[in-house]
Amino acid sequence: MKIACFGEMLLRLAAPDRGHLFQEARLDAHFGGAEANVAVALARIGTPATLITILPHGSIGDAAIETVRAAGVDVSRVMRADGRLGLYFLSPPSGPRGAHIVYDRLGSVFAVTPPEAYNWPILLRGVDWLHLSGIIPAIGPEAARLSLDAIAAARAAGVRVSFDGNFRASMWARWCDDPQPILLDHVARAELLFGNYRDISLLLGKSFVGDTPEARRQACEAAFARFPQLSAIASTAREVLDADTHRLSARVDRRDDWFETDAIAVTQIVDRIGTGDAFAAGVLSCLEDGCKAAAERGLALASLKHATAGDQSRTSASDLEYFTTDASDVRR
């Protein structure tokens, strides 16, 4: 199985040591981007992954490509053009203060490249799954057309589509007062949806609660009824105790089956960014093994990502195996 991940790469500039932006004279730099993060997490655990994106010519684009290539991602479908790489600035959480993100991605090479530049029959050759997210259409109307073109080409080629809602309110607010119809068009064409009961509420315009497993199942059943193409929904539930301690559980729903893990404590958190992408990689890598296997692997990858700085997972297949057997002792 080979999974193609399509989306924009960004350079993240973060305040060091959980400080405020520009409180110190330096910023920590990491490459990221939701779909690239999924590709890296997949490749590191041994699932073949390829990245479809466009990056600028020059040393910054070269460095971005090298970060994913070094993880084992196939970068043969990465295009290059003149332009700039999008940025985002992060103030990490600390104590009672939550994380804060500011985007600087207007006019990036990904945002300004027209949909016609992508030769989808070639880009999707040999691919079993196409994974993308709601971040692409949030960029602007041309990007929304681009992501729908990608999904249409995937379906025409018999490639299965995985869509992560990844709702970014600040991005949508810049150009679209009502993203619901656009997101409906995307989810209606997907087989796998990453989204919880809140995402389903946004899509269906109906309020759902998520305080029990049965209530979360009710939201999923409503989504299955609305989207005939949809065969699976994956989500996490997070309880934030403070910046260093969360409780996390995961679930995967199919039309005739579902499984939800127990919540586990995630402590001494280094970096929460990218944990949802690691979860998506875990689910994609073993969805065919059933709801239980997919939910448990997704939870393991997401939990381990909390211990890694930057957007991208560094969990290997052996790390994953150790986590699922006995994570309490020291490996020697």
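The following exercises, each with a worked solution, concern a predicted model.

**Exercise 1. Helix α1 and its packing against α11**

Task: Determine how α1 is oriented relative to α11, and which residues make the contact.

Solution.
Step 1. Two packed helices are described by the angle between their axes and the distance between the axes.
Step 2. For α1 (residues 34-44) and α11, the axes come within 8 Å and cross at roughly 50°.
Step 3. This angle makes α1 oblique to α11, and the crossing is right-handed.
Step 4. On the side of α1, the contact is made by Ala34, Asn37, Val38, Ala41 and Leu42. On the side of α11, Asp277, Ala278, Ala280, Ala281, Leu284 and Ser285 take part.
Step 5. Sorted by class, the residues of this contact comprise eight nonpolar, two polar and one charged.

**Exercise 2. The surroundings of α1**

Task: Establish how many residues of α1 are buried, and describe what follows the helix.

Solution.
Step 1. A residue counts as buried when its relative accessible area is under 20%.
Step 2. Within α1, the buried residues are Ala34, Glu35, Ala36, Asn37, Val38, Ala39, Val40, Ala41, Leu42 and Ala43.
Step 3. Because 10 of the 11 residues of α1 are buried, the helix is largely enclosed by the rest of the structure.
Step 4. After α1 comes Gly46, with a positive phi near 95°.

**Exercise 3. The pair α6 and α8**

Task: Characterise the crossing of α6 with α8 and the residues that make the contact.

Solution.
Step 1. The axes of α6 (residues 141-156) and α8 (residues 180-187) come within 10 Å, and the crossing angle is roughly 15°.
Step 2. Angles under 35 degrees count as roughly parallel, so α6 is roughly parallel to α8.
Step 3. The crossing of α6 past α8 is left-handed.
Step 4. From α6, the residues in contact are Ala144, Ser147, Leu148 and Ile151, and they meet Ile182, Asp185 and His186 of α8.
Step 5. The contact of α6 with α8 contains four nonpolar, two polar and one charged residues.

**Exercise 4. Cysteines and disulfides**

Task: Find how many disulfides the model contains, and explain why Cys220 and Cys286 do not form a bond.

Solution.
Step 1. The criterion for a disulfide is a pair of cysteine sulfur atoms within 2.5 Å.
Step 2. For Cys220, the closest cysteine sulfur is that of Cys291, at 10.0 Å, which is too far for a bond.
Step 3. For Cys286, the closest cysteine sulfur also belongs to Cys291, and its distance of 11 Å is likewise too far for a bond.
Step 4. Under this criterion, the count is zero disulfides.
Step 5. As to accessibility, Cys220 is buried at 4% relative accessibility, and Cys286 is buried with a relative accessible area of 5%.

**Exercise 5. Positive phi outside glycine**

Task: Locate Asp17 and Gln268, and decide whether each is buried or exposed.

Solution.
Step 1. Asp17 is a residue other than glycine, yet its phi is positive, near 55°.
Step 2. Asp17 lies in the loop between β2 (10-14) and β3 (28-32).
Step 3. The relative accessible area of Asp17 is 71%, and the residue is therefore exposed.
Step 4. Gln268, which is not a glycine, has a positive phi of about 50°.
Step 5. The loop between β14 (264-266) and α11 (275-286) holds Gln268.
Step 6. With a relative accessible area of 68%, Gln268 is exposed.

Definitions and conventions. Residues are numbered from 1 along each chain as its sequence is written. This is a predicted model: local features need pLDDT of at least 70, side-chain atom pairs count only at pLDDT 80 or more; totals for chains, interfaces and linings use all residues. Side-chain values use heavy atoms; hydrogens and water are left out. Buried means under 20% relative accessible area, exposed over 50%, partly exposed in between (1.4 Å probe, protein chains only). Axes are lines fitted to C-alpha atoms, for helices over the stretch in contact, and angles run from 0 to 180 degrees between N-to-C directions. Helices (H or I, at least four residues) and strands (E, at least two) are DSSP runs, numbered from the N terminus. Angles under 35 degrees count as roughly parallel, over 145 as roughly antiparallel, 65 to 115 as roughly perpendicular and the rest as oblique. A crossing is left-handed if the near helix is turned anticlockwise from the far one by less than a right angle, and right-handed if clockwise. Contact means heavy atoms within 4.5 Å. Ala, Val, Leu, Ile, Met, Phe, Trp, Tyr, Cys and Pro count as nonpolar, Asp, Glu, Lys and Arg as charged, and the others, Gly among them, as polar.
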